[in-house]
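Dear colleague,

I am handing over the structure we spoke about, and I would be glad if you could read the notes below with it open beside you.

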Amino acid sequence: MREMDERFGRFIDSLKCGVMIVDLHTDEARMNAAASEMLRLGPRQLPFRIVQERLGFDLLAKLRDGQPVQLLLGSQRCEVTSISFDDNWLAFLFKERSPEQTVTKSVEHLEQANEDLQLILDSSLDDILITSGDGIVLSVSQSFANSYRIPPEDLVGKSVLDLEKDHIFQPSVTRKVMETKTRHVLLQTTMDEKKMLVKGVPVFGEDGEIRRIVSYSHDVTELLELRAHLADMQEEMSRVRWELEKLRSRDREMCDILIASDAIKQLTESISRIAKHDVPVLLLGESGVGKSAFAKFVHRQSERNSGPFIEVNCGAIPEHLIESELFGYEPGAFTGAAKSGKVGLIELAHDGTLFLDEVGELPLALQVKFLKVLEDKQFRKVGGTKSVWSNFRLVCATNRDMSQMVHEGKFREDLYYRLNTVEMMIPPLRERPADIMELAMHFLHQMYLRHGLDREFGQGVMHQFLSYHCPGNIRELEHVVERAVVLSSGQFIELADLPLSIRSVEAVSPPAADRLSLPEMLAAYEKRILQDARQKCSTTTEMAAYLGVSQPTIVRKLQKYF
């Protein structure tokens with residue numbers, strides 16, 4: 001047995017690798033010369049406990065899974081493997097690694113680490129660029145290469161300063177980090193004008209110097225374009241709001257209403273106050289004074305201005321059709337009715353304004369039904385059984401004497417008082433000469449836009465307009481101007497281009513215009529017209545009939561000028 005032990009000792013001593021046999025039962029460790037030299041333990045037979053104490057670590061713990069491990073024994077690196085014979089015997093094999101093997105293994109580890117890093121970079125959704133502390137590109141993610149339209153191999157090894165000069169990206173966040181040694185976030189532009197939001201982060205070594213710089217990029221081109229689009233939309237909305245407010249608040253020209261005279265200015269101011277309250281409005285005035293324009297003005301100044309404006313000319317619809325037009329009808333309600341039925345104008349005016357022009361022409365038989373609509377805001381279509389709800393604001397207009405019609409039994413008194421909650425009288429054009437000049441110039445410009453004929457009023461034409469009583473009011477004046485523009489052969493409209501009814505009127509001589517303002521000139525015209533009427537009439541009633549105005553108007557004018 002002893003001879004066998006000696007042979008076994010000679011055998012393991014002949015091995016070039018280190019061998020250590022451990023008897024776990026007795027805690028005795030025996031090693032060959034190579035193992036003793038590698039472990040620098042001196043004696044070749046020691047308690048295993050002493051061996052572990054001198055090594056400075058638990059050898060069994062490091063080899064617990066049975067796989068070879070790399071250990072640094074002194075200045076030498078060894079590969080250690082454990083072999084278990086049974087529950088009591090354990091062998092350790094120590095194989096010294098040459099410098100070449102160590103370098104090769106280190107290179108393999110580095111290559112594997114680099115490959116793992118690239119896999120991590122490419123799996124990221126961010127565009128990542130990693131450089132050295134002095135800005136040399138070490139690694140890039142594939143998404144970075146795709147975003148900046150340049151292959152990874154053309155980036156690695158390059159300086160970010162050179163890439164910035166070549167306009168691969170501008171500005172360089174890595175350069176900013178190198179200059180300040182702090183994090184930076186900036187907006188970067190690529191070669192193809194894309195906008196990238198870039199964040200640069202420095203990585204410091206133990207010496208406090210920058211070892212690496214990592215930058216993360218995100219394409220924000222579409223986001224910036226959307227923000228610019230939203231900014232443009234907000235600017236446009238602000239402009240539109242300003243324009244709408246300007247249109248609503250202007251006191252010069254509103255809803256086709258030109259304001260020059262004090263009478264119209266006061267009327268529009270009154271309507272502006274009344275329009276905000278949801279009450280019926282009755283507009284009175286001669287034909288052609290602009291009742292439709294004032295009705296639209298009421299609508300636009302009211303809280304219902306975003307709703308529909310439905311205009312109905314009661315005098316233009318045949319009496320046998322007006323009921324079905326106003327209230328609508330169900331399918332098959334009468335012979336000739338549409339199969340799908342029809343929505344009435346009252347229903348269409350829901351949440352808006354219903355304007356009944358020439359309301360005095362509303363048939364007496366229909367007035368009862370319409371009164372019910374005003375009271376309940378409900379009605380039934382022709383041939384229908386279900387009630388229809390319509391919440392509308394009512395504006396009416398007429399050139400007739402409604403109180404006289406009530407007295408004669410031609411208009412229901414109860415309906416008249418419902419319509420007459422607020423009554424507004426629109427003065428005729430002859431009572432506001434300041435508006436004649438304003439309107440004439442306005443229509444002259446409109447005719448230029450309509451017919452392409454650039455015309456001016458010749459000498460005496462405007463004086464003739466001011467002398468004319470204009471029974472057709474604004475409508476007549478518009479037609480007169482259009483006729484003159486079309487018939488005139490030169491740049492100036494002469495008296496000969498005006499209708500005979502206007503030319504035949506004796507014109508009042510104009511006052512001297514030296515240093516007179518327009519209101520002063522108009523006042524002088526009005527005063528001379530009144531003087532002419534006083535010479536021809538003996539009473540204010542005759543003067544009112546002669547000039548076509550009311551007697552109180554004459555009294556007021558005489559008090560003003562005489």
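What follows goes through the cores, a surface patch, the salt bridges and the cysteines.

Please keep in mind throughout that this is a predicted model.

I begin with the interior, where the largest nonpolar core has 32 residues, and those with the most contacts inside it are Leu-326, Ile-346, Leu-354, Leu-356, Phe-370 and Leu-394. The element that gives the most to this core is helix 14, spanning residues 364–376, with 5 residues. If you would like a single residue from which to explore the region, Ile-346 touches, leaving aside residues up to four places away in sequence, a set of partners including Leu-326, Leu-354, Phe-370, Val-373 and Phe-392. There is also a second, separate core of 27 residues, which includes Met-437, Phe-457, Ile-493 and Leu-498.

On the outside, Leu-223, Leu-226, Leu-230 and Met-233 make a nonpolar surface patch of about 380 Å². Of these, Leu-226 lies in helix 9 (residues 221–249), and with a relative accessibility of 45% it counts as partly exposed.

Turning to charged side chains, the count comes to 17 salt bridges. One of them joins Glu-286 and Arg-430, with an N to O distance of 2.4 Å, and this pair links distant parts of the chain, 144 residues apart: Glu-286 sits in the loop between strand 15 (281–284) and helix 11 (291–301), whereas Arg-430 sits in the loop between strand 23 (422–425) and helix 17 (433–451). Glu-286 counts as partly exposed, at 29% relative accessibility.

Another salt bridge is formed by Glu-478 and Arg-450, whose closest N and O atoms are 3.8 Å apart; here Glu-478 belongs to helix 19 (residues 473–487) and Arg-450 to helix 17, 28 residues apart. Both are partly exposed, Glu-478 with a relative accessible area of 23% and Arg-450 at 45% relative accessibility. Lys-410 and Glu-408 also form a salt bridge, their closest N and O atoms being 3.4 Å apart, and Glu-164, Arg-175 and Glu-179 are linked in a network of salt bridges.

Finally, why does a search of the whole structure find 0 disulfides, taking Cys-396 as an example? The closest cysteine sulfur to that of Cys-396 is in Cys-314, at 7.5 Å, which is too far for a bond, since a disulfide needs the two sulfur atoms within 2.5 Å. Cys-396 is buried, with a relative accessible area of 1%, and Cys-537 is likewise buried, with a relative accessible area of 14%.

With best regards

How values were computed:
Residues are numbered from 1 along each chain as its sequence is written. This is a predicted model: local features need pLDDT of at least 70, side-chain atom pairs count only at pLDDT 80 or more; totals for chains, interfaces and linings use all residues. Side-chain values use heavy atoms; hydrogens and water are left out. Buried means under 20% relative accessible area, exposed over 50%, partly exposed in between (1.4 Å probe, protein chains only). A nonpolar core is a set of buried Ala, Val, Leu, Ile, Met, Phe, Trp, Tyr and Cys residues joined through side-chain atoms within 4.5 Å. Helices (H or I, at least four residues) and strands (E, at least two) are DSSP runs, numbered from the N terminus. Contact means heavy atoms within 4.5 Å. Patches are made of residues with over 30% relative accessible area and no salt bridge: like charges are joined within 9 Å, nonpolar side chains (Val, Leu, Ile, Met, Phe, Trp, Tyr) within 5 Å. Accessible areas come from the Shrake-Rupley method with a 1.4 Å probe; for residues, only the protein chains shown count as cover. A salt bridge is a side-chain nitrogen of Lys or Arg within 4 Å of a carboxyl oxygen of Asp or Glu.
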